[in-house]
Amino acid sequence: MIPVHIVTGFLGSGKTTLLRDLLVRPDFHDTAVIVNEFGEVGLDHFLLAEVEEGVVLLPSGCVCCAVREDLVETLRDLQDRAARGQIPRFARVVLETTGLADPAPVASTLIADPMLRHQFRLGSIVCTLDAVSGADTLARHDEAAKQAAVADRVVITKCDLADPAAAEAALRGHNPLAEVVHSCGAGFDPDLFRAELGDPARRAEAAARLIAVADQHHAHDHGSETATFVVRETGPIDWTAFGIWLSALLHAHGQHILRVKGILNVAESDTPVILNGVQHVVHPPMHLAAWPDDDHSSRIVFITRGVPEAAIRASLSAFLRLAAGVADPRAADAGEAVA
C-alpha cells in the first residue's frame, strides 16, 4: 500500500518552505503531492508541465495536485492516471493541509474509507512549528495546539531567527511523544517522509522513546483543557477486553482523545504490542520482537482535551478486572465511566 504522509502546521509556520526544499530532490521524484490550492502553497516556480487541469509535473518528476472535491476522489484519480500512464507512478503521497485544518479527519479517512484502505495507508503526520512565535501560537490558537498534539514528528522552523527552546518547551506540553527536529529553512531531513514510525527497523527505537516518555512524564494540565497523563497496568492485559474498552472510549470521546500511544503486555502475545491512535483512528497493532527494557508493564500515554483522567483510569481498570474475573466495585459502572 502507498503511504500518505500529512503535513500540517499553523499559518506561516513553514509548510511551503519544507515542501520546496524536499520536492526538488531527485530521491523524491516518485512522490505525489496534494495541496489545497496551488496559489497558497506557492510552488508555481517549480511547475514544469500541466498534464490535465489541476495536475502538474514538477522538475523532479513529482506529481502535484490540488484537492478539487474531496480527498477520496483525488487519491483515486491520481492512482487511475498513474495506472493509465498519464502521470508517473508514485511510491508515496504527501498531503499538505491548510494552516487552520485539523489533520485528524484526514487520517480517519485514509484508514476507514473502504475505497482507500486497501490501496493507501497512513504514513507520518508531520507538523511545522515556528521558532519565532510557536510558543505564543500554541497558547493562543486551539487549531495549532491540536495540530501539534496529533503529530508524529514536529519540525521547529526558523531556528536561524530565534532560539527554538521556548517553542520546543511549549510543544512538549502538548505532545511529549513527537520526534522533534530543528530547521533553518533548508536541508530538511528527508526521513520525514521516507522512514515511517511503523517501519519494523524503527519500532524498537520508537518503543524505547515511548517508554522513556511514559516513565518520566507526570500528569499535567497544559491549558485550554489539554492534558497529558500515563496509565500503567502491571499485569498482562486481556486483548479482547482492552479492545472493547478502547472502542467504547473512542466512540464516546474520540474527538477529545487527541492522541493515545502505548506499549502493551498482552496476555495473548509473548511479545509487546505497540498501540498508536489519533482521535477516532487507531493504527493496526504492531508487534515488537522483544521488550526494550526489563519492565514488562503496559504503559499508555494519553493526550486529551476535556476528558476526565479519573474516568479513563477507572473504566479501564474495571473492564480489565471484569475480564479477569476479579471482583471490582467499579466494574458495574464501567460503561458509565466511559460514557
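This is a short talk on the aromatic pairs, one cysteine and the cavities of the structure above.

Hi everyone, and thanks for coming. A word of caution before we start: this is a predicted model.

Let me begin with the rings. How many aromatic pairs are there? The count comes to four. One of them is formed by F229 and F302, and it is stacked, with 5.3 Å from centre to centre and 15 degrees between the planes. I like this pair for what it connects: F229 belongs to strand β11, residues 226-233, while F302 belongs to strand β16, residues 298-305. That makes the two phenylalanines 73 residues apart, so the pair links distant parts of the chain. Are F229 and F302 buried or exposed? Both are buried.

Another pair, F242 with W245, is tilted: here the centres are 5.7 Å apart and the planes make an angle of 45 degrees. This one is a local affair, as both residues sit in helix α10, residues 239-253, three residues apart, which is about one turn of the helix. F242 counts as buried because its relative accessibility is 2%, under the 20% cut-off. W245 is buried too, with a relative accessible area of 0%. If you follow the ring pairs along, they join F229, W239, F242, W245 and F302 into a cluster.

Now please turn to C62. You will find it in the loop between β4 (55-57) and β5 (63-66). Its relative accessibility is 0%, so C62 is a buried loop residue. What does C62 touch, leaving out residues up to four places away in sequence? The contacts are L23, F28, H29, T31, V56 and L57. Take F28 from that list: F28 and C62 are 34 residues apart along the chain, yet their C-alpha atoms are separated by 6.9 Å. F28 has another partner as well, since the charged end of R92 sits over the F28 ring, 5.2 Å from the ring centre.

Last stop, the empty space. The structure holds two cavities of 30 Å³ or more, and I'd like to show you the second largest, with a volume of about 30 Å³. Which residues line this second largest cavity? They are A151, D152, N175, L177, A178, R259 and K261. By class, that lining has three nonpolar residues, one polar residue and three charged residues.

That's my tour. Do rotate the model while we talk, and I'm happy to go back to any of these spots.

Key: Residues numbered from 1 in each chain as written. Predicted model: local features only at pLDDT ≥ 70, side-chain atom pairs only at ≥ 80, totals over all residues. Heavy atoms only, no water. 1 Å grid on protein atoms, 1.4 Å probe; cavity = no way out; pocket = protein on both sides within 12 Å on 5 of 7 lines; lining within 4 Å. Points joined across faces, edges and corners; volume = space filled by probe spheres on them. Nonpolar A, V, L, I, M, F, W, Y, C, P; charged D, E, K, R; others polar. Helix = DSSP H or I, 4+ residues; strand = E, 2+ residues; numbered from the N terminus. Buried < 20%, exposed > 50% of the residue type's maximum accessible area, 1.4 Å probe, protein only. Contact = heavy atoms within 4.5 Å. Phe/Tyr/Trp six-rings, centres within 6.5 Å; stacked < 30°, edge-to-face > 60°. Lys NZ or Arg CZ within 6 Å of the ring centre and 35° of its normal.
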